[in-house]
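Visitor: Please choose a single part of this model and take me through it closely, with each term explained as it comes up.

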Amino acid sequence: MAETLQECLIAITRADSITQALQTLDLLGTPSPPYSFEVSQDWHRSGAETFMAVFTLIWGGSEAKYVVKACAPFTVGISVDKLFRRWLRRRILLRRSGIRVPRIYGARDSVFVEDFIPSKLRSVDSAAWSHDMKSDLIHIARTLSTLGFDAICPFSDLMTDGRHIFMVDFGADLGDPYSLVQPRNYVQLANDWLMQTGLGPRS
């Protein structure tokens, strides 16, 4: 990505300054308090179709992290706009089915700003899994089966805030809904994973 993170936020909000951009995204109040903007992770490729960066806002005694993601097609013949629309369609469909996804604060030109979810699910120790997290995983699995997704490694990119599980990747590895005549049994995959982590099945 050629733009700095601040330049990107200004561009997608059509703002005149980074403060105005953050206010447009509803990340700062008006008038804004004194704040610090820190780049936690600069632009880097985070997947086959994705570049991302992370920034932190610090004000008073508080701080919050946010993610900026940009589409980067790897398939010849598909435009950035078409890829971005696919991402959004999958995301909206899954959110309407009760799956948690990060809140989006703004999107334009195939770039969007969303909440930062801190932990990769696969890195969480089994002792730290909550009852809700187990239920969330099974719900995700059932939903992917019901909607006929043809997902590659459906649980590898799941994230957690320590209480709930979030889907954050809506790229090609997820596949498209209703693409399978015979739905896959993702619930069995989820229960197998729970068994491997010592959490036991939850069907």
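Guide: Ala, Val, Leu, Ile, Met, Phe, Trp, Tyr, Cys and Pro count as nonpolar, Asp, Glu, Lys and Arg as charged, and the others, Gly among them, as polar. By these classes, the lining of the largest pocket has 16 nonpolar, six polar and nine charged residues. This is a predicted model, in which local features need pLDDT of at least 70 and side-chain atom pairs count only at pLDDT 80 or more, while totals for chains, interfaces and linings use all residues. Residues are numbered from 1 along each chain as its sequence is written, and side-chain values use heavy atoms, leaving out hydrogens and water.

The largest pocket (an open set of points on a 1 Å grid over the protein atoms alone, where a 1.4 Å probe fits, with protein on both sides within 12 Å along at least five of seven lines) has a volume of about 600 Å³, which is the space filled by probe spheres set on the points. Of its 31 lining residues (those with an atom within 4 Å of a point), Ser46, Met52, Lys69, Val168 and Asp169 are the closest to its centre. Two or more lining residues come from each of strand 1 (36–47), strand 2 (50–59), strand 3 (62–71) and strand 5 (111–115), where a strand is a DSSP run of E, at least two residues, and a helix one of H or I, at least four.

These strands also meet helix 1, whose buried residues pack against strands 1, 2, 3 and 5, among other elements, with contact meaning heavy atoms within 4.5 Å. In helix 1 (residues 5–13), Leu5, Cys8, Leu9, Ile12 and Thr13 are buried, that is, under 20% relative accessible area with a 1.4 Å probe, protein chains only. Seen down the axis, the buried residues of helix 1 fall within an arc of 120 degrees, so they line one face of the helix.

Technical notes: Buried < 20%, exposed > 50% of the residue type's maximum accessible area, 1.4 Å probe, protein only. Arc of directions from axis to C-beta.
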